[in-house]
Amino acid sequence: MEKKELPRLAFFSFTCCEGCQLVVLSCEDELPDILSLVKIVNFREAMDQKSDVYDIAFVEGSITKAEEVRKLKKIRKNARVVVALGACSSTGGLNCLKNRWPMEEVKKEVYGKDALRSELFATLPTRAIDEIIQVDYYLHGCPISKKEFLNLTTSLLLGKRPDTTNHPVCVDCKMAGNTCVFEKDMTCVGPITRAGCDAICVTYGAICWGCRGLVDNPNTDAHAETLKRHGLTADAVMRKFSLYGTCKTRKC
Amino acid sequence: MKNIEFFRYLPGAAKAKSASGLKKLVNTLLKEHRVYGTVKRDGFPVYAEIADASELELFSTPTHLSAKQFLFPPRETLLRYDIRRHLHEAVIESERQAIIGLHPCDIHAIALMDEVWAYGRPDANYLSRREKTLIVGADCMPDEYCFCKSLGTMNVNDGFDIFLHKIKKGFLVRTASDKGEEIIAGLKLREAKPYEVKELEERERLREASFKARLDALPKDLPEVFASSNESTVWERIGSICTGCGSCNTVCPTCYCFDIKDEVKASLSEGERVRVWDGCTLEDFAKVAGGHDFRKTRAERLRHRFNRKFRYLTDRFGMPFCVGCGRCSRACLVKINITEVTNELIRESNKRRP
């Protein structure tokens with residue numbers, strides 16, 4: 001029997017901490033099975049080889065440089081399927097915070113005033129990858145969830161539609177048996193944030209910061225009112241919404 | 001006066017500390033059951049597994065989440081398969097369990113769930129779990145959201161195995177099943193004294209007078225109220241502030257909607273079919289193939305949920321599917337309150353009447 005060529009996977013990384021690639025690498029129990037079904041041809045965090053021939057591209061990180069825009073467009077051209085891997089890539093993530101200030105000011109703040117004279121520090125306002133190319137699937141989160149990565153990968157390999165989550169974190173939170181953070185005199189953005197994370201932050205005593213971005217059709221006005229009722233000023237509400245959501249709440 | 005023969009006396013406080021009768025009861029249950037009960041966590045009463053009797057604490061106020069998770073888990077495996085080996089097997093995970101601290105509304109809710117899961121094609125997973133479940137009820141005091149009195153679910157005479165009524169020094173115990181009777185008989189409790197039963201009656205009078213929330217119509221009139229309220233502006237108004245977080249569904253002891261998903265292992269040949277909670281107030285609930293959506297707006301979704309509680313399921317099962325626990329109102333961050341909304345519709349409906 002003729003050996004069928006395995007689908008080729010590539011992982012790319014732009015502006016980010018590469019933590020989402022680490023989540024992929026942490027799928028130790030499943031990777032042997034996955035590696036028998038696919039060929040990984042690019043994965044900077046894990047191997048040296050590189051190739052421009054691939055079927056599925058997982059793209060991590062947000063876009064903050066002109067050079068990244070060119071590279072990203074090339075990836076779109078080469079790949080049949082593009083997956084945004086993690087918050088930076090899918091919504092712009094934390095990196096979008098810098099968009100609140102003029103780029104010159106950001107450069108000066110981070111690299112010192114000499115940076116303004118050097119080409120090396122050229123920077124653009126942060127963008128999610130779908131502001132530049134068409135994205136087929138999204139893996140949200142800071143970092144991504146292992147479960148969702150595996151679900152997406154197995155679904156693509158089987159040719160079925162991946163399971164996408166479009167309910168707010170409150171659902172995952174109740175399913176985890178948590179007491180609502182608002183009951184505990186804290187506030188969060190769970191009611192408008194896309195779940196799929198099993199409400200891990202609240203389960204371990206923190207709050208929802210909104211790392212997975214907004215649900216489709218969020219009622220942000222209603223939640224802003226809730227936050228104000230719980231003592232937040234309008235400015236504090238905006239800060240809460242924009243920690244992970246600047247790119248999506250205020251188009252850059 | 002209540003029939004004194006129904007009650008026996010169990011000494012001890014609401015916390016199952018040393019030497020209390022409650023501790024004896026929990027220890028007896030622990031021998032043959034996985035035991036769940038109310039405990040205090042982050043300052044709030046919640047249901048949790050009880051490994052040691054001392055963890056249990058009975059509360060007069062309701063838990064935020066209902067106890068449905070023990071009969072209808074947020075996530076459960078229904079089927080396991082391996083296509084390479086042409087294998088598939090149904091999975092029914094159930095074990096003997098006892099739930100301690102259920103208030104009358106919660107016990108009524110379980111009775112409704114029993115109806116639902118046995119209706120049509122009986123659900124083997126729920127029924128198997130239910131059959132192995134022992135229910136120990138405890139009485140309560142209404143908080144600002146409780147309105148069981150308006151729905152006839154304030155008291156229970158069956159649907160539990162053991163029921164604990166708190167009195168000043170200890171509990172008066174009732175049983176409503178052979179299993180419950182056997183366990184209580186094993187504890188060799190003395191009969192209740194007339195003054196103890198009198199104290200219980202006094203407490204019940206106080207409880208009945210303590211309700212702050214109420215419905216302004218009888219349960220039997222509610223289906224008609226909702227049937228005539230489709231065009232009410234109430235729906236638009238609450239729809240505009242709803243975030244669609246689904247908490248009213250997830251905390252409700254009688255909401256039983258679920259989704260079924262196939263989860264494939266990385267080998268692509270093995271997998272599991274799982275059932276997870278779903279809720280009619282969630283954006284994607286009524287979306288079907290082709291992108292069609294039967295209930296496109298939050299207003300329509302809320303209207304549907306209210307109708308499920310007071311009309312659609314009442315038509316099918318003959319009783320309201322709300323037990324008045326008030327959990328949905330308590331959990332709602334935008335303060336959509338089930339009694340206030342219903343009373344507004346009742347007022348509108350009364351006005352429409354000739």
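A residue counts as exposed here when its relative accessible area is over 50%, and as buried when that area is under 20%. The model is a predicted one. By that cut-off Gln49(A), at 54% relative accessibility, is exposed. Gln49(A) sits in the loop that runs from strand 2 (39–43) to strand 3 (56–60) of chain A. Leaving aside residues up to four places away in sequence, Gln49(A) touches Val41(A) and Asn42(A). Its C-alpha atom is separated by 16 Å from that of Leu35(A), a residue 14 places away along the chain.

Other loops hold backbone features worth a look. Most residues other than glycine have a negative phi, and most peptide bonds are trans. Asp185(A) departs from the first pattern, with a positive phi of about 60° although it is not a glycine. Asp185(A) is found in the loop between helix 7 and helix 8 (200–203) of chain A, and with 74% relative accessibility it counts as exposed. In chain B, Lys188(B) also has a positive phi, near 50°, and is likewise a residue other than glycine. The loop that holds Lys188(B) joins helix 4 (178–186) to strand 10 (190–191) of chain B, and the relative accessible area of Lys188(B) is 71%, so this residue is exposed. The second pattern is broken between Cys142(A) and Pro143(A), where the peptide bond is cis, with omega near 0°. Pro143(A) belongs to the loop between strand 5 (137–139) and helix 6 of chain A.

Helix 1 of chain B, residues 21–32, shows how burial can follow the geometry of a helix. Its buried residues are Gly21(B), Leu22(B), Leu25(B), Val26(B) and Leu29(B). Viewed down the helix axis, the buried residues of helix 1 of chain B fall within an arc of 135°, so they line one face of the helix. The spacing fits a general rule: an α-helix has 3.6 residues a turn, so residues three or four places apart point the same way.

The two chains meet at an interface in which 32 residues of chain A are in contact with 33 residues of chain B. Together the chains bury about 2,800 Å², and 61% of that area is on carbon and sulfur atoms. On the side of chain A, the residues that lose the most area to chain B are Lys174(A), Met175(A) and Asn219(A), which together account for 21% of what that side buries. Between chain A and chain B, 10 residue pairs are in polar contact, counting pairs with both residues at pLDDT 80 or more. Two salt bridges cross the interface. Lys261(B) and Asp163(A) meet through their side chains in a salt bridge, with an N to O distance of 3.3 Å. The elements of chain A that give two or more residues to the side touching chain B are helix 2 (31–35), helix 6 (146–158), helix 7 (169–175) and helix 9 (220–229). By class, that side of chain A has 13 nonpolar, 10 polar and nine charged residues.

Over all chains, the structure has 38 salt bridges. In general, side chains of opposite charge can pair when their charged atoms come close. In chain A, the side chains of Arg76(A) and Asp136(A) form a salt bridge at 3.1 Å, N to O. Arg76(A) lies in helix 3 (residues 66–78) and Asp136(A) in the loop between helix 5 (103–111) and strand 5 of chain A, so the pair ties together parts that are 60 residues apart in sequence. Arg76(A) is buried, at 19% relative accessibility, whereas Asp136(A), at 29%, is partly exposed.

In chain B, Asp106(B) forms a salt bridge with Arg327(B), their closest N and O atoms being 2.9 Å apart. This pair links helix 2 (residues 104–118), which holds Asp106(B), to helix 10 (residues 327–331), which holds Arg327(B), across 221 residues of the chain. Both ends are buried: Asp106(B) has a relative accessible area of 3%, and Arg327(B) has a relative accessibility of 1%.

Glu344(B) and Arg237(B) meet in another side-chain salt bridge, at 2.9 Å from N to O. Here the linked parts are helix 11 (residues 338–352), with Glu344(B), and helix 7 (residues 234–241), with Arg237(B), 107 residues apart in chain B. Arg237(B) is partly exposed, with a relative accessible area of 43%. Elsewhere, Glu76(B), Asp123(B), Arg129(B) and Arg275(B) are joined into one network by salt bridges that share partners.

Key
Residues are numbered from 1 along each chain as its sequence is written. Chains are lettered from A and ligands numbered from 1 in the order in which they are written. This is a predicted model: local features need pLDDT of at least 70, side-chain atom pairs count only at pLDDT 80 or more; totals for chains, interfaces and linings use all residues. Side-chain values use heavy atoms; hydrogens and water are left out. Buried means under 20% relative accessible area, exposed over 50%, partly exposed in between (1.4 Å probe, protein chains only). Helices (H or I, at least four residues) and strands (E, at least two) are DSSP runs, numbered from the N terminus. The arc is that of the directions from the helix axis to the C-beta atoms. Contact means heavy atoms within 4.5 Å. Buried area is the accessible area (1.4 Å probe) that two parts lose on being put together, summed over both. A salt bridge is a side-chain nitrogen of Lys or Arg within 4 Å of a carboxyl oxygen of Asp or Glu. A polar contact is a pair of N or O atoms within 3.5 Å; within protein, one must be able to donate a hydrogen and the other to accept it, and residues adjacent in sequence count only if both atoms are side-chain atoms. Ala, Val, Leu, Ile, Met, Phe, Trp, Tyr, Cys and Pro count as nonpolar, Asp, Glu, Lys and Arg as charged, and the others, Gly among them, as polar.
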